[in-house]
Amino acid sequence: MDFNRLDQIARQEGGISRRLFTSYLAALSSVPWVGLSAEDKGTRTSKFSNNPFTLGVASGDPDHEGMVLWTKLAPKPLEVNGGMPLDAFTEVTWEVGHDEGMSEIVQSGTALATPHLGHTIHVETQGLEPDRWYHYRFRVGDFASPVGRTRTMPADHVLPEKLRFAVTSCQNYEQGLYTAYEQMMADEPDLVFHLGDYIYEYAGNPNRIRTHVGPEIESLEQYRQRYNQYRTDSLLQRMHAHCPWWVTWDDHEFDNNCANDISEEQGIDRIAFLKRRAAAYQAYYEMMPLRASACPMGHDMKLYRSGKFGRLADFFVLDTRQYRTDQPNGDRNKPLNKVALDPANTMLGHQQRGWLQQSIVRSESQWNVLAQQVMMGMANRQTKENDEAIYSMDQWPGYANERNELVRFLKERNITNPMVLTGDIHSNWVNELRVNDLEPKGDPIAAEFVATSLSSGGNGEAKRSHHDLYLANNPGTKFYNAERGYILCDVTPERWISHYQVVDDVLMPGGKTTTRASFRVNAGDATVHST
Ligand code: FE
Ligand code: CA
């Protein structure tokens, strides 16, 4: 393998950083391209008989002067390597303009699509004007991508009047349609937060309304194909093209209920599991509009990061899967015993926790938002009145000591208006968070808005049989609902409103999305009010 030549190509053509290149090398062992002879490498392809932009465009991680613009060349998205020749290096032109017709181009450039990153493109724009919408597209040969829309954030020192964003998670392709994205587009959010379970790893089940291609995914090629299948959904594509997203993963981007290098199943070899994790992480990086700073190094990928919307909101996007200790007591719902309360249990890991604490104390924003995966409210999940109290060991209750210390930190350091956004659980929850949720005395420290699944689980229900028991047993819980949908948040310096948007049918096209309930939090007091 001629690393020097590859290095040269990478440097000359893409302006690719050393770090990115090094991570290419880490990834190479799983790329089929490595087996090709030296003469086959570096073939320039710009002629396509099929449109290579079948997977649309996306943007993400915006700041006050730019964002990541994403696309992928995949003329046949469900075929090996998306139908791209394994050795193709393809120059792709990107353009940023003021209008949808792209009549006035304000920035443009080229980037190289290479086999190392599955022919994906991640352009990090800079120097755009703050607080402004832009349009963008990609071109190669005779083909142009769909035109996407994105925006910069307000300048860091400015206090904006308002921000609107959507919160979504859990979009199992087999179990439901992405109908709710139609209403999300109509809601015109500035941002979307996707809090994980973007794909599911399971084998195809022919009895569903749509079927995953192939068996349970384990190799890089399989993860890539699965993402391609999900991204062929036109609603998902259009929502990505509608505004910038902040994404983070949960477990299913890799493997159900994974904890660091430990599988939920017994007897899985850790090295084999880490190899699978490297494939999963690489495919995730490739498919998401993430900055190069998130590019994986083998089985490690730094996904936690922060962003801001002027001085209105700081966002802390967390990774609660990669660094956690194994779920105590197994992964299921269990009593809060000594094992669950062991101070050695960690969800965030030492480094991420330190980063979060250091970053959040420096924030000068009106709202400080933790965008993360699993429920922080210490909710008793017993479903029958005479059972004992049980808590989810895969969620924050399994890591209760760290969770309580984190809430105590928010309180003692007087963090301004901490708010928590959560996915994973396939039901809607609104929780007031205290240092000890089990003894809810005094004012809440933070409010948590938990978003249901977009499609996972198929059609849900407004009131499950244990609805009243959940609310009675959990005084901090203000709302519980198991329909499908997402949350729409309207935030001003004075107050935060969360609208729970629910869709009445995800099994048939034409489902209607309406607002089931809305909740308000006033700045300075985390008490949740029904509106
Ligand atoms: Fe899920
Ligand atoms: Ca999950």
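**Exercise 1.** In this predicted model, state which strands helix α7 lies across and how the helix is directed relative to β14.

*Solution.* Start with the helix: α7 covers residues 350-362. Next, list the strands under it: α7 lies across β13, β14 and β16. Last, take the angle: α7 runs at about 175 degrees to β14. Angles are taken between N-to-C directions on a scale from 0 to 180 degrees, so a value of about 175 degrees means that α7 and β14 point in nearly opposite directions.

**Exercise 2.** Place β14 and β16 in their sheet, and describe how β14 is joined to β16.

*Solution.* The order of the open sheet is β13-β14-β16-β18-β20-β19-β21, seven strands with mixed pairing. At the edges are β13 (305-309) and β21 (477-481), each paired on one side only. From one strand to the next, the twist averages 15 degrees. Strands β14 (residues 313-317) and β16 (residues 367-371) run parallel and are joined by five bridges. Opposite Ala313 stands Trp367 of β16.

**Exercise 3.** Describe the interface between domain 1 (43-151) and domain 2 (163-530).

*Solution.* Begin with the contacts: 36 residues of domain 1 touch 31 residues of domain 2. The buried area is about 2700 Å², with carbon and sulfur atoms giving 49%. Of the area that domain 1 buries, Asp61, Leu78 and Arg149 supply 23%, more than any other three residues.

Then turn to the polar part. There are 22 residue pairs in polar contact between the domains, and five salt bridges cross the interface. Check the pair Asp63 and Arg291: the closest N and O atoms are 3.6 Å apart. The cut-off is 4 Å, so Asp63 and Arg291 form a salt bridge.

Note on methods:
Residues are numbered from 1 along each chain as its sequence is written. Chains are lettered from A and ligands numbered from 1 in the order in which they are written. This is a predicted model: local features need pLDDT of at least 70, side-chain atom pairs count only at pLDDT 80 or more; totals for chains, interfaces and linings use all residues. Side-chain values use heavy atoms; hydrogens and water are left out. Two strands pair if DSSP finds at least two bridges between them. Helices (H or I, at least four residues) and strands (E, at least two) are DSSP runs, numbered from the N terminus. Contact means heavy atoms within 4.5 Å. Buried area is the accessible area (1.4 Å probe) that two parts lose on being put together, summed over both. A salt bridge is a side-chain nitrogen of Lys or Arg within 4 Å of a carboxyl oxygen of Asp or Glu. A polar contact is a pair of N or O atoms within 3.5 Å; within protein, one must be able to donate a hydrogen and the other to accept it, and residues adjacent in sequence count only if both atoms are side-chain atoms.
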